[in-house]
Amino acid sequence: MSQEPTTYSLFLFLFLSHGVSSYTVPNSRQDLHPLLQKMAEEIIDGSYLNALLDLIQFQSSHVWTDDLSHRVLAYLNSRNVAFTISSLQAAVGNHLEQRLHQPQKLLEDLRKTDAQQFCTAMKCLLEDKKDRLDLKDIIIDLGEIRERALQSPGVNRSLFLITLERCFQVLNSLECVEILGKVLRGSSGSFLQPDITERLPRDLHEDAFKNLSAVFKDLYDKTSAHSQRALYSWMSGILQTSSNATDDSVSWVTAENLWILGRYMVHLSFEEIMRISPIEIGLFISYDNATKQLDTVYDITPELAQAFLERISSSNFNMRNTSTIHRLGLLVCFYDDLELLDATVAQVLLHQMIKCSHLSGFQAGVQKLKAELLDIATENQTLNETLGSLSDAVVGLTYSQLESLSPEAVHGAISTLSQVSGWAKSQVIILSAKYLAHEKVLSFYNVSQMGALLAGVSTQAFCSMNCKDLSQVLRSAVSQYLSDLSPAQQQGILSKMVEAGDTASGIVEIQGAFFKEVSLFDLRRQPGFNSTVLKDKELGRSQALFLYELLLKTTRRPEELLSAGQLVKGVTCSHIDAMSTDFFLAHFQDFQNNFALLSPYQVNCLAWKYWEVSRLSMPPFLLAALPARYLASVPASQCVPFLISLGKSWLDSLVLDSHKKTSVLRKVQQCLDNSIADEYTVDIMGNLLCHLPAAIIDRGISPRAWATALHGLRDCPDLNPKQKAAVRLKLLGQYGLPQHWTAETTKDLEPFLVLFSGDELSSIATKFPEILLQAASKMARTLPPKEFLWAVFGSVRNSSDKIPSSDPMPGCHGVAAPSSDDIFKLAEANACWALKDLRCMEEDTFIRTVELLGAVQGFSRPQLMTLKEKAIQVWDMPSYWREHHIASLGRIALALNESELEQLNLSSIDTVAFLTQQTEWSPRQAESILQGFLDDSGYNIQDLKSFHLVGLGATLCAINITEIPLIKISEFRVVVARIGTLLCSTHVLAEFKRKAEVVFGDPTEWTSPVLQELGTIAAGLTKAELRMLDKDLMPYFQPSAIKCLPDEIFKELSAEQIASLGPENAAAVTHAQRRRLSPLQLQSLQQALDGAKTHSWQDAPASAGPTRTSFSRSPAGAPLSWDLWLGCPLLVLMAKLLW
């Protein structure tokens, strides 16, 4: 097994083979090349970066011979400078540490380099190849140095700034632009603040300017609106200067300039667009790549789009010509010349409008235009005749229009229908039924044609398919749509595959996330798995635990298991404990690469292992997984590596206990000295920025750092109330009240609009309603603050046509009922409708928007009741409702009472599955759904198949416990994991646990995969059974099972068992459970929360810190120190020694 090379400083090892640098060679100055003399002088002066650059320059034109190291030593000796190995090591180490911790110093060093040295540094950044310098026994890996430098927090900022400052003076502009592109593309976009344009060169050669403009176009979405505007000003300034326009009557906006601007053309003013010469705009549209440019103007406004369309029209292009329409890009989304439009042209426009979903806003207008074009496209023709030529506008067809289609028409248009995105569930059900009605028999061929309509195939239909055909489906392109299927449908396919006989090959065919549905029972029966087969499959934790243990027994190369994607989920603490030091350190990167897949308990085990075997080289973020007192082992000199390492992970998933998190953040604040001085500190913090205390946000972020910090805070998923208040005050202090904001400011602060009051948002709603709507649309399926929703609601209502119906329903006279446009725009703000508004909604509006309304999370019970009554008004009594009606209701179905639920036709498990997607059913409602399915389908409990059990979902919790024994073991055992996600009563879980014993044996025989598979079913264990469980199994309870354990049973756990719960399960312990624990048990619980050691090694004393021992060579693959492990030291000073 090859060993990973160990990273060291070049200059340390230039002398490694010599005990002391006192080696004398006569006439050393004369013997040594002048460039190496210069290098030696730099070493003497402590300018190690300059020395390395001199060496690289020397090596580029000379061959390194064995005696050169001796000559350099002799030269140093002749200058009365003698190094021992340790003193040189210390000097270089200190220098590296300084550059790692203060990348500003790197900037200063690069400013001090001479022209040749700087040119060499830039050339090193510029190279793409994985080049190495071969100094006989020493290899300098410049490729890795470059790669790490461009990814290093702070260092890449320094490289960006120095490139702007000096590169254009020593290299040609094309090379400098390429370097800037490399540095910027590896950044978050925060480098491109508006003031940076003041440093951009304004005298670039044409090709260099075009290339740099291309870089800025690539980074458009990463930059703020203010920066976009500033970069546009820089680009347009240069273009105007270089244009031949001599007066204001001639526009500088030529065809080529439009091509150069690309996405930035949206910043042209309306007046400037209207001044573009018809010849130039015509020439631009004639370009082959004009469509590519116009396809990217995602943030164009209707006003500017109309201006461009007008200019194109003025250039003698026929706007109704198919070729012209194909060239319009996203401008087609604002096409308005509909008078006397031909049906064929309307169809061409609809086909091009597929791309309109990429627009940043204005989607309601797009939908309205599609509806108008749809009417034109179907004029004088039947829908059956035009179906295949309507593109994704077919999504706008109503139920009645879809139901009027013939099976033959759907079959003929399937190539279009199958590729459309945005179908509602009800539409998929109707169209699939039409398609399959034509096909009669379900085969691989006709299923493979269905694409996005696959989810409309019933579970029973999948089960009736030939196993060979199903196997082909799993291997074909249509398998990408398997994730759209309900759990019942997926289980139906699985049960058929397992039933096939050749189970092993059937299971192996299952790819991606679908593989997670394979039961532990079926896995245990199958031989023949290997790490290669598993690489492309998503594994559940119980599957991974079983498969890792299984393959570990048979493989000769255990490292292959760690690199086999999700198999790393199955590594247990005992596996980690058993790894040799060399193996662990050599392959820790596999854990690091898959960190998001690891459980908190696995991270805790890794942290203890690293602490035991190589604490000096331990990745600092792992300290957060150890008990809080270990944070004291981080000295002030190691704060920056600690912050960088911790900032690359998500603290909320690393530390689950609030008290421990407080300790970690206290250490972070200590390292920061309670302030953020500059943008470099923000770079270093990474995700830790989201955990800054409100006091630091309010008073501790310097003005210099604030812009970069704000850029990072935009991406924080869940700021607490105090943090939000601090950010709001900071924003008001910087930008003033929202009524004074510009469009750019409002766009940049879009993620923070929810922080402001309704009064503050009212001016935004008036001035920039579309920006407010864009912010609201990004929060769909969440619950934004009420004041924000009311601001959105008011904005939409104020801008809509509030025209009362000419034929109102009783009680609705004078009420401006919701329109389809309003509901489409409002998203979650639909929760603000008054009951009378919902009651007065027109029937057609309800039909068109019912699925949108059913997805609103904030509707109150009275609002849901009103919408249910509207459904009864439109569709008649529930006994007349069909599957697609029920599927479209979403949360509205929760308003159905037991009597109404009993009226539904629930004979299909797919219909039931739509209902059980909702999780807020009362016990009596759940019982009605369960009984309704049994009555309507004619099944008894003992007749239920595995896919029935899955489709019933949480309604299974309403089953009579006397009937649970009737469930067939052969069906139950393959859906244990699904049933284990249900939060049933203790009595029901206890019965399911008894059933699980038939499958997996007595609880004393259960293994970690079994316990993980059982989920909440494990909460059905009795006191005696729980006490008998081995403490090493405690981390493999699912957290949901811990929460479901009754308080009086949970308290029966021993202190040792509780201490072994692991951080995640300990965090799941409820307050009620905690209150029943003894002081000793509470102490054990705190140990588990804190990440205390419960496996093989002795725990360290409370004062534990890294033991500073004399230097010895680290194990293969082990970094020398935290600095070097991070890969973020001053990387242009580093070299790699290949042993």
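N80 is found in the loop between helix 5 and helix 6, the latter spanning residues 85–101. This is a predicted model, and N80 makes a good entry point. Its phi is positive, at about 60 degrees, although N80 is not a glycine. Most residues other than glycine have a negative phi. With a relative accessibility of 75%, N80 counts as exposed.

A second residue has a positive phi. D876 is not a glycine, yet its phi is near 80 degrees. D876 also sits in a loop, the one between helix 53 and helix 54. Is D876 buried, exposed or partly exposed? Its relative accessible area is 39%, so D876 is partly exposed.

Now step back to the whole chain. The protein chain has 70 helices and four strands. Of its 1139 residues, 57% are buried. Take the contacts with a separation of 6 or more: residues 24 or more positions apart account for 73% of them.

Return to helix 5 and look at a helix pair. Two packed helices are described by the angle between their axes and the distance between the axes. Helix 3 (residues 34–45) packs with helix 5 (residues 68–78) at an angle of about 55 degrees. Their axes are 10 Å apart. That angle makes helix 3 oblique to helix 5. The crossing is right-handed. On the helix 3 side, the contact is made by L36, Q37, M39, A40, E41 and I44. Helix 5 contributes L68, V72, Y75 and L76.

Compare helix 47 (residues 758–767) and helix 49 (residues 786–799). Here the packing angle is about 30 degrees, and the axes lie 9 Å apart. Angles under 35 degrees count as roughly parallel. Helix 47 and helix 49 are therefore roughly parallel to each other. Their crossing is right-handed. G758, L761 and A765 of helix 47 meet E787, F788, A791 and S795 of helix 49.

Next come single helices and what covers them. Helix 52 runs over residues 843–854 and has twelve residues. From its first C-alpha to its last it reaches 15 Å, close to the 16 Å expected at 1.5 Å a residue. Which residues of helix 52 are buried? They are T845, F846, T849, V850, L853 and G854. Seen down the axis of helix 52, these buried residues fall within an arc of 165 degrees, so they line one face of the helix. The spacing fits a general rule. An α-helix has 3.6 residues a turn, so residues three or four places apart point the same way.

What do the buried residues of helix 52 pack against? Four helices take part: helix 23 (399–403), helix 50 (820–826), helix 53 (861–875) and helix 54 (883–889). The loop holding D876 links the last two of these, helix 53 and helix 54.

Helix 50 turns up again beside helix 21. Helix 21 covers residues 363–377, 15 residues in total. It reaches 20 Å from first C-alpha to last, close to the expected 21 Å. Its buried residues are Q363, A364, V366, L369, K370, L373, L374, I376 and A377. What covers them includes helix 20 (343–352), helix 22 (383–386) and helix 50.

Helix 9 (residues 142–151) is mostly covered. How many of its ten residues are buried? Seven are. These are L142, G143, E144, I145, R146, A149 and L150. Charged side chains are among the names, including E144 and R146.

Two more residues bring together positions far along the chain. V975 lies in the loop between helix 59 (969–972) and helix 60 (976–979). Its relative accessibility is 2%, so V975 counts as buried. Leaving aside neighbours within four places in sequence, V975 is in contact with Q491, S946, L949 and V950. V975 and L949 are 26 residues apart along the chain, and 7.6 Å separates their C-alpha atoms.

S323 lies in helix 19, which spans residues 322–327. With 41% relative accessibility, S323 counts as partly exposed. S323 and V348 are 25 residues apart along the chain, and their C-alpha atoms are separated by 9.8 Å.

Methods. Residues numbered from 1 in each chain as written. Heavy atoms only, no water. Helix = DSSP H or I, 4+ residues; strand = E, 2+ residues; numbered from the N terminus. Expected span 1.5 Å × (residues − 1). Buried < 20%, exposed > 50% of the residue type's maximum accessible area, 1.4 Å probe, protein only. Arc of directions from axis to C-beta. Contact = heavy atoms within 4.5 Å. Axes fitted to C-alpha atoms, helices over the stretch in contact; angles between N-to-C directions. Parallel < 35°, antiparallel > 145°, perpendicular 65-115°, else oblique. Left-handed = near helix turned anticlockwise from the far one by under 90°.
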